[in-house]
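Visitor: I have a few questions about how the terms are used here. Could you show me the structure and take me through them?

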Amino acid sequence: MKYLIGNWKMQLNESESEALAAEVVRLWAAQGATKTDVTVVLCPSHMALEEVGKITRGTPVAMGAQDTFWEDKGAFTGEISAKTLKELGCEYCLVGHSERRQFLAETDEMVNKKVQALLRHGLVPIVCVGETLDERNSGRRDSVVISQVRVAMNGVRLVGAQRVIIAYEPRWVIGSGNAVAPESAAEMHHLIISTLQELFAADIVDRQFSVIYGGAADSKNLAGFLAMDVIRGSLVGGAALKPLEFAAMAEIAADAVIK
Ligand code: PEP
C-alpha cells in the first residue's frame, strides 16, 4: 500500500475546496476504483470538511483533517475533537505538522495526546516529524527525529487493525520546491522504523505503521522516492492544490506499487 496525502493547509476557501475535491475525485475515481493499493487522502481545512466529505463519500478518495484536539468535549475555544472529525467523515488526521510546531508551539507531548484521541475514535493519525535546518547542520537530525517519534508514541498501544502513519518531513524543505535526495529520505525512514521497533513488536511495525515522505514532492520527483521500498507514500502540500498534478502523482504511486 502506498499513500498519497494532500495537505491543503489554509490555502482555499470553502467553494475552492469543494471544486478541488470534486476534480480530484473525478480524475482519480475511474483509476482509483481499480488501484486499491494506493490510498489517496485529501486534508482540507476544518471549515470545508463537511462539504468535502459529501464529495468524497463513497469514492476511492478518503478525507483527513489537518489537526485535532485531545479532549472529546468541553471549554476548549476554537478546537475540534477527534469525535467530531469522525462524525464529519474523516478517516485520517495530521498531527504535529511543522507549521503548527513553528507557529503554534505544538509540542511532542501535545502530539502524543492527539494521537491517542484519534486512535480512540478510529481515525488514522498522520504524525509529522522532521528536523529544522539548524538541527540538521548541528548534527542533531537523528536525535531530534528519534525523540519526536518516541514521545509521540509514548503509551500508545495499537489494538485490532489500528494504523499510524509517520510522515518524515525535513522542515526547511517544506514549501521550498527543493526536495531532499530519496536516499537521504530513505535513511531517515529506516531510522524511524528502527525507533518504532524499540517501542512495538516487529510485526506490528510492519503491518500497522507506514512511514511516508513529505517536502516539495511533485510528479517529477515522486517516482524516485517511491522506488525506495521503505518509503510508503508522500504527504504533499503545494502540488496537492493542482488537480492534474496531484492525479498524476496518484498514478505514479499506483505504478510504484505494481513494480
Ligand atoms: C507539507 O506541508 O506537509 C508539505 C509537504 O508541503 P510541500 O509539499 O509544499 O513542501
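Guide: Let us start at the ligand in this predicted model. Around the ligand there are 13 residues, and Lys9, Glu169, Gly175, Ala216 and Gly237 come nearest.

Visitor: What makes lysine 9 a polar contact of the ligand?

Guide: An N or O atom in the side chain of lysine 9 is 2.5 Å from an oxygen atom of the ligand. The cut-off for a pair of N or O atoms is 3.5 Å, so this pair counts as a polar contact. Histidine 97 passes too, because its side chain has an N or O atom 2.9 Å from a ligand oxygen. In glycine 175, a polar backbone atom is 2.7 Å from an oxygen atom of the ligand. The protein covers 95% of the 290 Å² of accessible area that the ligand has on its own.

Visitor: Which pocket does the ligand take?

Guide: The ligand takes the space of the second largest pocket.

Visitor: Why is strand β7 said to be mostly covered?

Guide: Buried means under 20% relative accessible area. Six of the six residues of β7 (residues 209-214) are buried, so the strand is called mostly covered. Phe209, Val211 and Tyr213 point one way, while Ser210, Ile212 and Gly214 point the other way.

Visitor: How do you know that β7 pairs with β6 and with β8?

Guide: Pairing takes at least two bridges. β6 (residues 164-168) and β7 have five, in the parallel sense, so they pair. Here alanine 167 has isoleucine 212 as its bridge partner. β7 and β8 (residues 233-236) are parallel and joined by two bridges, so they pair as well. There, glycine 214 has leucine 235 as its bridge partner.

Note on methods:
Residues are numbered from 1 along each chain as its sequence is written. This is a predicted model: local features need pLDDT of at least 70, side-chain atom pairs count only at pLDDT 80 or more; totals for chains, interfaces and linings use all residues. Side-chain values use heavy atoms; hydrogens and water are left out. Buried means under 20% relative accessible area, exposed over 50%, partly exposed in between (1.4 Å probe, protein chains only). Helices (H or I, at least four residues) and strands (E, at least two) are DSSP runs, numbered from the N terminus. A residue is near a molecule or strand if one of its heavy atoms lies within 4 Å of it. A polar contact is a pair of N or O atoms within 3.5 Å; within protein, one must be able to donate a hydrogen and the other to accept it, and residues adjacent in sequence count only if both atoms are side-chain atoms. Accessible areas come from the Shrake-Rupley method with a 1.4 Å probe; for residues, only the protein chains shown count as cover. On a 1 Å grid over the protein atoms alone, a cavity is a set of points where a 1.4 Å probe fits but cannot get out, and a pocket is an open set with protein on both sides within 12 Å along at least five of seven lines; lining residues have an atom within 4 Å of a point. A molecule sits in a cavity or pocket if more than half of its atoms lie within 2 Å of its grid points.
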